[in-house]
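Open the structure in your viewer and keep the selection panel at hand. The stops below say what to select next and what is there.

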There are 2 protein chains.
Amino acid sequence: MAITVVGSVAFDTIETPAGKRERCLGGAATYFSFSASYFTDVRVIAVVGEDFGKRQEAVFQARNIDTRGIEHTAGKSFFWEGSYLENLNEANTRITDLNVFASFNPKIPDIYRDSEYLFLANIDPVLQRRVREAMPQAKLVAGDTMNYWIKDHRAALLEVLKGLDILLINDTEARMLAGNNNLVQAARAVKALGPKALVIKHGEYGATLFHGGRTFRAPALPLEEVVDPTGAGDSFAGGFFGYLASQPEQSPAVFRRAMFYGSVMGSFACERFGTERMQKLTRPEIDERFNLFRELTHLA
Amino acid sequence: MAITVVGSVAFDTIETPAGKRERCLGGAATYFSFSASYFTDVRVIAVVGEDFGKRQEAVFQARNIDTRGIEHTAGKSFFWEGSYLENLNEANTRITDLNVFASFNPKIPDIYRDSEYLFLANIDPVLQRRVREAMPQAKLVAGDTMNYWIKDHRAALLEVLKGLDILLINDTEARMLAGNNNLVQAARAVKALGPKALVIKHGEYGATLFHGGRTFRAPALPLEEVVDPTGAGDSFAGGFFGYLASQPEQSPAVFRRAMFYGSVMGSFACERFGTERMQKLTRPEIDERFNLFRELTHLA
């Protein structure tokens with residue numbers, strides 16, 4: 001079933017111990033949709049500037065991603081520059097130029113309106129809510145957010161959480177949102193705000209799913225080299241939600257497998273700069289790594 | 001098969017967000033032996049002062065632990081005081097009084113000399129080596145160490161590592177020992193120093209086993225309340241090595257189960273102050289939690 005994702009499509013300049021790349025194709029919606037496209041149809045809602053041209057468009061099309069919801073407007077696309085020289089787990093942001101993204105007002109193509117799966121990537125919760133309300137047919141809605149919205153736009157964020165089926169955030173965000181350092185207690189507090197399921201991502205240590213009174217922990221793959229962790233969380237979300245959307249029903253067993261697929265896609269994302277690795281995977285490669293994750297965690 | 005463990009037996013004063021306890025029975029060899037005692041026979045080599053009396057002795061005897069290798073000497077036992085008020089993952093040491101431990105010279109009772117399993121808890125590597133050499137019959141030798149020995153007693157530590165079958169350390173120690181921040185590369189470098197198997201503990205995120213070219217990741221249990229993390233690592237080691245020693249052979253499948261038992265025992269240790277929880281477990285409780293860990297990580 002088709003997923004509609006709303007979020008950023010951007011250019012990123014990234015420096016890591018492995019090197020530096022200028023103006024890679026990036027943005028949460030980009031990573032999410034590339035990742036989810038290996039599991040199901042994906043439709044993107046975003047805004048880009050004149051620097052987003054046929055070359056970038058072609059990368060989405062190569063993955064059969066519907067880009068009719070990407071609005072082209074005068075100006076420059078969202079630009080981010082950051083480094084991970086000291087710590088591969090946390091970006092040190094140097095530049096954030098919102099550019100055309102500053103006045104983003106999501107427009108939903110009519111042809112997207114039958115999407116039963118909706119992913120609200122990390123953007124202003126006011127926009128997340130607007131998109132959610134404009135797509136009442138969506139039967140499963142997942143979303144992401146970040147410390148900035150948690151701290152300074154809490155009221156708007158709480159409105160979004162009320163309508164979420166699944167929230168995906170990291171440890172720090174979960175603790176900040178709940179005001180509680182214990183992860184189990186924080187998870188309970190966050191779920192009381194609305195989300196029926198909560199995925200807390202632990203970076204190189206994997207992720208934990210809190211769902212229906214049960215807890216499930218997926219590992220991350222211990223990687224020989226982390227070339228670039230940018231987009232790993234969005235790629236996790238794409239694999240997780242893409243797999244959920246590809247299944248006839250979302251049973252607990254399907255949720256568990258979705259956690260593994262999320263971790264699998266997050267691990268691929270780190271292996272090359274930007275979305276490079278996410279552009280050219282194959283489903284057999286993905287399933288081979290899925291089996292590696294099983295091997296990594298299962299007793300026999 | 002019997003394990004001989006050499007290490008500290010101490011008194012700990014501990015403050016955590018859950019409260020404060022004065023002079024709990026503690027020390028690495030104490031946690032290790034209580035934990036391992038649920039799986040196999042345990043013999044302790046340590047030194048204590050006059051403050052270690054019949055009451056303390058009785059706690060070891062209740063777990064059927066052989067204490068004939070605990071030397072009683074004039075003076076006070078090793079005393080440690082620390083708190084975890086800011087961060088449950090890292091102790092803030094207030095007092096370390098080595099006392100009788102400062103001149104510890106391990107004496108191995110003859111009746112211990114048939115032990116096929118030897119655990120060298122975190123003590124001066126010069127002593128670890130001396131004990132290892134005095135017990136040549138030991139067919140499986142595991143050990144622990146800490147940042148202090150890695151930094152300031154590296155040469156002596158490297159001699160110990162050459163003779164180890166299994167080293168158990170945490171992330172920070174592995175990175176420091178290898179001089180490499182990438183955990184996979186660090187693991188390879190550490191194994192090149194001697195240990196055939198390496199267990200890297202990640203605190204609340206579990207632990208990873210690097211053994212025979214394979215990687216296995218055991219989770220930690222997400223705990224509603226961490227009362228006191230003191231000794232969790234030593235309890236992990238006790239469960240891990242105790243289970244290994246209880247098995248007729250150490251196959252890869254047995255190593256995996258040992259990782260789970262290690263995590264299980266580490267999770268129990270955190271639930272009460274000091275060794276309180278480790279004193280009164282039952283094997284059915286342990287196996288019930290083992291199954292919970294399986295549930296937490298297995299797809300179906």
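Start with both chains in view: a turn of 180° and a shift of 0.0 Å along the axis lay chain B on chain A with an RMSD of 0.0 Å (least-squares superposition on the C-alpha atoms of residues with pLDDT of at least 70 in both copies). The two copies are thus related as by a two-fold rotation axis. The same surface serves both copies, as 97% of the contact residues of chain B recur in chain A; contact here means heavy atoms within 4.5 Å.

Before going on, note that this is a predicted model, in which local features need pLDDT of at least 70, side-chain atom pairs count only at pLDDT 80 or more, and totals for chains, interfaces and linings use all residues. Residues are numbered from 1 along each chain as its sequence is written, chains are lettered from A and ligands numbered from 1 in the order in which they are written, and side-chain values use heavy atoms, with hydrogens and water left out.

**Stop 1: the interface**

Select the residues of each chain that touch the other. On chain B there are 31 of them, in contact with 30 residues of chain A. How much area do chain B and chain A bury between them? The value is about 3,000 Å², with 48% of it on carbon and sulfur atoms; buried area is the accessible area (1.4 Å probe) that two parts lose on being put together, summed over both. Now pick out B:Tyr205, B:Arg217 and B:Leu299, which supply 30% of the area that chain B buries against chain A, more than any other three residues.

Next, show the charged pairs. The interface of chain B and chain A holds 8 salt bridges, a salt bridge being a side-chain nitrogen of Lys or Arg within 4 Å of a carboxyl oxygen of Asp or Glu. One to select is A:Glu295 with B:Arg214, where the closest N and O atoms are 2.5 Å apart.

The interface also has 26 residue pairs in polar contact, both residues at pLDDT 80 or more. A polar contact is a pair of N or O atoms within 3.5 Å; within protein, one must be able to donate a hydrogen and the other to accept it, and residues adjacent in sequence count only if both atoms are side-chain atoms.

Colour chain B by element. Those that give two or more residues to the side touching chain A are helices H6 (171-178), H7 (183-191), H9 (252-269) and H11 (283-297), together with strand S13 (214-218). Helices (H or I, at least four residues) and strands (E, at least two) are DSSP runs, numbered from the N terminus. Which element gives the largest share of this side? H11(B) does, with 5 residues.

**Stop 2: a second bridge between the chains**

Select B:Glu224 and A:Arg188. They form a salt bridge, with 2.5 Å between the closest N and O atoms. B:Glu224 lies in the loop between S13 and helix H8 (232-246) of chain B and A:Arg188 in helix H7 (residues 183-191) of chain A, so the pair joins two chains. B:Glu224 is partly exposed, at 33% relative accessibility (buried means under 20% relative accessible area, exposed over 50%, partly exposed in between; 1.4 Å probe, protein chains only).

**Stop 3: a bridge within chain B**

Move to B:Arg289 and B:Glu271, a salt bridge whose closest N and O atoms are 2.7 Å apart. B:Arg289 is in helix H11 and B:Glu271 in the loop between H9 and helix H10 (276-279), so the pair ties together parts that are 18 residues apart in sequence. B:Arg289 is buried at 13% relative accessibility, and B:Glu271 is buried at 14%.

**Stop 4: B:Met265**

Stay in chain B and select B:Met265, in helix H9. Is B:Met265 buried or exposed? At 0% relative accessibility, B:Met265 counts as buried. Beyond its neighbours within four places in sequence, B:Met265 has contacts that include B:Tyr38, B:Phe39, B:Met278 and B:Ile286.

**Stop 5: A:Thr40**

Switch to chain A and find A:Thr40 in the loop between helix H1 (28-36) and strand S4 (42-48). A:Thr40 is buried, with a relative accessible area of 11%. A polar atom of its side chain lies 2.5 Å from the backbone oxygen of A:Met1.

**Stop 6: more charged pairs in chain A**

Finish with A:Arg94 and A:Glu81, whose side chains meet in a salt bridge (3.6 Å, N to O). A:Arg94 lies in strand S7 (residues 92-97) and A:Glu81 in strand S6 (residues 78-83), so the pair ties together parts that are 13 residues apart in sequence. A:Arg94 is partly exposed, at 38%, whereas A:Glu81 is buried, at 13%. Last, select A:Arg129, A:Glu133, A:Glu159 and A:Lys162, which are linked in a network of salt bridges.
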